[in-house]
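The exercises below are meant to be worked through with the sequence and the 3D view side by side. Please try each task before reading its solution.

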Amino acid sequence: MGWNKRWNAGLKRFMAVAVLFVIGVTAGCGKKAEQTGSKGGGFCSDISVFDCLLGQSFCDKGMVRIEEGLMMFYEYETGRSYPLCSDAYCEHVPYDEKKNPDPVCEATMKDLKTACVHGDYVYTIQQTGIQELTVQARNLKESGYRVVAKLPYCQTFSTSGYNAIIGDKAYLLLGEIDKVFGDELISSYTSNDLYTFLVELDLRTGEYKTLFHIEGEEKYQILQTVYDKEGIYCRCYYGDVDFDEETMKLTVNEYREAFYYVPYDGTGVKELCKELVDDVSYKNGEMPVVTVSGISEYGAYFVNEEMTKVECYCYDGKKETVFELPEGYTRLHIDGVSGNKMIMTLTDSKMNDKIAGLDLTTGELIIRDKLENISYVAVCDEGFWRYIDGEQGTYRELCTYRDIFYGEGTTLISIEG
């Protein structure tokens with residue numbers, strides 16, 4: 001299918017852009033914000049976030065992964081995993097274009113990109129056309145899906161820009177295609193071919209609207225999203241990029257970032273961190289003055305040029321030093337930030353790496369030995385994926401910040417394969 005080729009092309013573009021930047025997720029500078037989302041109960045409550053690129057989602061009870069065409073739910077508390085199917089006698093045979101083109105299992109469907117559990121429902125997103133997404137819903141206790149909406153967009157790719165469901169609304173990072181020829185896509189691996197709209201979808205009525213999109217010839221993509229009680233913080237980028245498939249060489253002719261706050265109520269988008277725009281922009285391969293490692297509801301975080309401290313450009317215009325290296329260490333790297341917790345790699349004078357957990361509210365620092373081939377990527381509120389297998393780019397184990405800060409166990413979920 002043409003859109004499957006687009007998916008592969010987009011994945012290559014994502015990997016190419018990701019080489020340039022190491023991105024943290026959902027940071028906290030100062031006091032922690034109030035928890036976002038509906039308190040109405042259900043199996044998974046509050047906020048659920050999902051990543052369409054990797055086909056996984058997270059809520060307070062567990063995570064969903066698309067594995068070999070099946071929607072698998074992993075419970076944090078029990079470590080148990082099971083297909084998201086209501087039929088106890090189902091054999092859970094995944095969709096296959098030739099062997100199983102009309103599957104009966106509710107945990108599979110054609111061109112499934114992601115599934116997300118929120119409240120008592122599972123929501124699915126399928127790419128049913130080059131520029132058509134189908135969103136469906138099913139009560140976890142019942143059988144049968146209903147179509148929520150068909151959206152005239154395609155999926156986009158953000159290194160840490162999460163889609164989310166809060167209450168009865170879904171917030172989706174979606175794209176439009178510039179160049180289409182029949183059912184094929186013409187891609188030059190630049191952000192001009194696929195750019196981002198932030199769309200609000202009412203899961204009850206199927207009505208949707210654009211909350212945020214940067215208009216103009218220079219097509220911006222949303223790189224990061226952070227959700228709070230009243231709106232969404234967005235970090236966006238424009239990149240004029242050339243990518244040679246044969247040599248795998250990436251050439252960035254121009255790059256710049258912008259920061260915005262998007263209220264849910266539509267009262268007006270506000271540009272943030274204007275003083276950072278020049279520092280994070282560059283042309284013709286020149287390195288930027290500042291490389292931002294993450295954003296939060298308080299500001300944008302980066303490591304100084306000497307790699308000795310973490311600084312924050314706050315949205316109120318102030319610049320704060322969040323952390324400085326303790327004695328005996330020579331440099332640091334931010335691995336991930338979530339809620340008011342930050343995970344870093346610290347290197348000592350003998351070039352040994354340590355994993356460090358920093359409480360951004362109290363300043364408490366805990367340093368532990370770092371295992372080989374492990375890095376951390378933040379997800380929901382104070383939760384982190386532990387990234388084990390770098391070759392396949394798959395997340396094998398799930399832990400929380402408590403594993404680092406308090407040593408309470410080592411693994412919540414272990415995923416094989």
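A residue counts as buried when its relative accessible area is under 20%, as exposed when that area is over 50%, and as partly exposed in between. The model used throughout these exercises is a predicted one.

**Exercise 1.** Decide whether Gly328 is buried, partly exposed or exposed, and then find what Gly328 touches beyond its neighbours in sequence.

*Solution.* Begin by locating Gly328, which lies in the loop between β25 (319-324) and β26 (329-338). Its relative accessibility is 42%, so Gly328 counts as partly exposed. Next, set aside residues up to four places away in sequence, and what Gly328 touches is Asp348 and Ser349. Finally, compare sequence with space for one of these pairs: Gly328 and Asp348 are 20 residues apart in sequence, while their C-alpha atoms are 5.8 Å apart.

**Exercise 2.** Work out which cysteines form a disulfide, and explain why Cys105 is not bonded to Cys90.

*Solution.* A disulfide is a covalent bond between the sulfur atoms of two cysteines. The cut-off needed here is that the two sulfur atoms lie within 2.5 Å. By this rule the count comes to one disulfide, and the pair is Cys44 and Cys59, with sulfur atoms 2.1 Å apart. Cys44 sits in the loop between α1 (2-20) and β1 (47-51), and Cys59 in the loop between β2 (56-58) and β3 (62-67), so the bond ties together parts that are 15 residues apart in sequence. Both of these cysteines, Cys44 and Cys59, are buried.

Now turn to Cys85, which is in no disulfide, since the nearest cysteine sulfur, that of Cys90, is 4.0 Å away. Cys85 has a relative accessibility of 17% and therefore counts as buried. For Cys105, the closest cysteine sulfur is again in Cys90, at 3.7 Å, which is too far for a bond. Cys105 is also buried, with a relative accessible area of 4%.

**Exercise 3.** Describe the largest nonpolar core and list what Leu198 is in contact with.

*Solution.* The largest nonpolar core has 43 residues, and those with the most contacts inside it include Met71, Tyr171, Leu198 and Phe212. The largest share of this core, five residues, comes from strand β4 (residues 70-75). Leaving aside neighbours within four places in sequence, Leu198 is in contact with several residues, among them Tyr171, Phe212, Ile222, Cys234 and Val262. A second, separate core has 20 residues, including Phe50, Tyr123, Ala137 and Leu174.

Key
Residues numbered from 1 in each chain as written. Predicted model: local features only at pLDDT ≥ 70, side-chain atom pairs only at ≥ 80, totals over all residues. Heavy atoms only, no water. Core = buried A, V, L, I, M, F, W, Y, C linked by side-chain atoms within 4.5 Å. Buried < 20%, exposed > 50% of the residue type's maximum accessible area, 1.4 Å probe, protein only. Helix = DSSP H or I, 4+ residues; strand = E, 2+ residues; numbered from the N terminus. Contact = heavy atoms within 4.5 Å.
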